[in-house]
Amino acid sequence: MPARIQHKRERLDAAPADLLARLPAMGRVMIGSENRGATHERIGRIEKVRVADGWAIFEGAEHDSCIELAAIASLVADRSSAMREKSYPRLELKQSDGRTIANITGFEGLEPFDAVLAAFPQGAALDVEERRAGGTDERRELDEDDAGLRLLSGAARAGGHVRVEFSRPSFSQCWAGAMPAVKPAMGYVNIIQPDFHLHLKGGSVSGWRREEADGVIRFHALGLDGGETGLVVCGAACDFR
């Protein structure tokens with residue numbers, strides 16, 4: 001049998017449910033997705049993957065997300081990312097138009113990543129996509145009155161327990177815990193926790209739709225078109241706008 005070639009980037013020949021079921025063996029991973037200016041990332045070990053009603057559900061102390069299996073048209077493995085001489089390989093879960101639904105990035109290096117993929121046939125090589133170096137895309141200073149910054153900073157001042165939900169077609173993810181400090185940087189409003197990152201692009205939120213039920217207030221982020229973006233910040237019944 002010919003030796004397996006570890007392409008820098010390859011299209012995988014694997015059923016999504018079969019591959020995702022093996023993710024607990026990959027160790028610490030980051031599951032991340034982006035939509036309309038918000039990037040929501042959970043970091044840690046996936047303890048269990050189960051399938052219910054056509055959705056793969058990722059469970060663990062540091063994970064709470066799900067993805068619709070039928071929406072995954074292709075799987076791509078990319079081994080080209082490295083930082084400070086450490087490899088951060090990732091799986092890209094793509095829909096039929098080629099756009100990425102979510103990425104799953106290995107934090108333990110190539111060995112556990114490749115061990116998981118070894119159970120499946122050799123993938124077809126793809127060209128490595130050029131990535132923009134940090135700061136090469138348009139950045140601007142955050143407006144002090146930025147709607148995203150204003151609400152998240154208010155939540156940080158209020159303290160207490162919050163829940164940050166994120167959804168886009170065929171994917172959802174959430175994090176809950178004590179509200180941490182907000183860190184504005186490079187045109188983004190950032191929340192940085194060991195098991196959770198939120199990066200909200202300045203100017204991407206035009207306002208928030210507030211709703212209250214059962215003692216919980218939910219703020220739904222609105223995009224520039226006035227429609228909901230899928231980012232929701234929930235807290236106890238106090239208005240932290």
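In the predicted model, helix α3, formed by residues 147–158, lies across three strands, namely β15, β16 and β17. The helix runs at about 35 degrees to β16, which spans residues 188–193, while β17 covers residues 196–201. Helix α3 is also the element that gives the most to the largest nonpolar core, with five residues.

The strands beneath discussion belong to an open sheet of 10 strands with antiparallel pairing. Their order is β12-β1-β7-β10-β11-β2-β3-β17-β16-β15. The edges are formed by β12 (124–125) and β15 (183–185), each of which pairs on one side only. Strands of a sheet pair through backbone hydrogen bonds, in either a parallel or an antiparallel sense.

Within this sheet, β3 (residues 38–45) is mostly covered, as seven of its eight residues are buried. Strand β2 (residues 28–35) runs antiparallel to β3 and is joined to it by eight bridges. The hairpin of β2 and β3 has two residues between the strands, and Arg36 takes a positive phi near 50 degrees there. Strand β3 also pairs with β17, in the antiparallel sense and over five bridges. Arg42 of β3 takes part in both pairings: Arg42 is the bridge partner of Ile31, and the bridge partner of Arg42 in β17 is Phe196.

Elsewhere in the sheet, β7 (residues 74–78) and β10 (residues 90–94) form an antiparallel pair over five bridges. One of the residues involved is Val76, whose bridge partner in β10 is Glu92.

The largest nonpolar core contains 53 residues. Those touching the most other members are Leu19, Leu20, Phe58, Ile67, Leu91, Leu152 and Trp208. For Leu20, with neighbours within four places in sequence left aside, the contacts are Val49, Ala56, Phe58, Ile67, Leu69, Ile72, Leu93 and Ile104. In soluble globular proteins, nonpolar side chains tend to be buried together.

A polar residue, Gln95, is found in the loop between β10 and β11, the latter comprising residues 100–106. Gln95 counts as buried because its relative accessibility is 17%, under the 20% limit for that class. The side chain of Gln95 is joined to that of Asp97 by a polar contact of 3.0 Å. When residues up to four places away in sequence are not counted, Gln95 touches Ala71, Ala73, Ile101 and Arg168.

Terms used: Residues numbered from 1 in each chain as written. Predicted model: local features only at pLDDT ≥ 70, side-chain atom pairs only at ≥ 80, totals over all residues. Heavy atoms only, no water. Pairing = 2+ DSSP bridges. Helix = DSSP H or I, 4+ residues; strand = E, 2+ residues; numbered from the N terminus. Contact = heavy atoms within 4.5 Å. Axes fitted to C-alpha atoms, helices over the stretch in contact; angles between N-to-C directions. Buried < 20%, exposed > 50% of the residue type's maximum accessible area, 1.4 Å probe, protein only. Core = buried A, V, L, I, M, F, W, Y, C linked by side-chain atoms within 4.5 Å. Polar contact = N/O pair within 3.5 Å; in protein donor to acceptor, adjacent residues only side chain to side chain.
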